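Me: Could you walk me through this structure, one question at a time?

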Amino acid sequence: MLALRPNCECCDQDLPAHASDARICSFECTFCARCADEVFAGSCPNCGGELVRRPIRPAAKLATAPASTQRVHRAPRRHEE
């Protein structure tokens, strides 16, 4: 199950569970759309994977499967292949 992290790892913008501008990679690194597109050109700086729109968990399911509250904020480095 996706953790639905609460913020952008790059700029620390809040990304609540219902945010339509959240982007993730297959490892669940989480970024806002602006950072994903403008800073990292759609590629995760941590693993090099594709950043895609994070799905929105239905509100009724958040009661039994809540989003993560653990914030991750670091200066990501650009992935070098």
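What follows is a short run of questions and replies on this model.

This is a predicted model, where local features need pLDDT of at least 70, side-chain atom pairs count only at pLDDT 80 or more, and totals for chains, interfaces and linings use all residues. Residues are numbered from 1 along each chain as its sequence is written, and side-chain values use heavy atoms, with hydrogens and water left out.

Me: Is Thr30 buried or exposed?

Reply: Thr30 sits in strand β2, residues 30-32 (strands are DSSP runs of E, at least two residues, and helices are runs of H or I, at least four, numbered from the N terminus). The cut-offs are under 20% relative accessible area for buried, over 50% for exposed and partly exposed in between, with a 1.4 Å probe and protein chains only. Thr30 has a relative accessible area of 1%, so Thr30 is buried.

Me: Which backbone oxygen does the side chain of Thr30 reach?

Reply: Look in the loop between β1 and β2. The residue there has a positive phi near 70 degrees and is not a glycine. At 2.9 Å, the side chain of Thr30 reaches the backbone oxygen of Glu28.

Me: How much space lies in the largest cavity?

Reply: On a 1 Å grid over the protein atoms alone, a cavity is a set of points where a 1.4 Å probe fits but cannot get out, and lining residues have an atom within 4 Å of a point. Points are joined across faces, edges and corners, and the volume is the space filled by probe spheres set on them. The lining includes Leu4, Glu28 and Thr30. The largest cavity holds about 40 Å³.

Me: What is the phi of Leu4?

Reply: Leu4 lies in the segment before β1 and counts as buried at 3% relative accessibility. Most residues other than glycine have a negative phi. Leu4 is not a glycine, yet its phi is positive, at about 55 degrees.

Me: Which residues touch the most other members of the largest nonpolar core?

Reply: A nonpolar core is a set of buried Ala, Val, Leu, Ile, Met, Phe, Trp, Tyr and Cys residues joined through side-chain atoms within 4.5 Å. This one has 13 residues, and β2 and α1 (33-39) each supply at least two of them. The residues touching the most other members are Cys8, Leu15, Phe31, Cys44 and Leu51.

Conventions
Polar contact = N/O pair within 3.5 Å; in protein donor to acceptor, adjacent residues only side chain to side chain. 1 Å grid on protein atoms, 1.4 Å probe; cavity = no way out; pocket = protein on both sides within 12 Å on 5 of 7 lines; lining within 4 Å.
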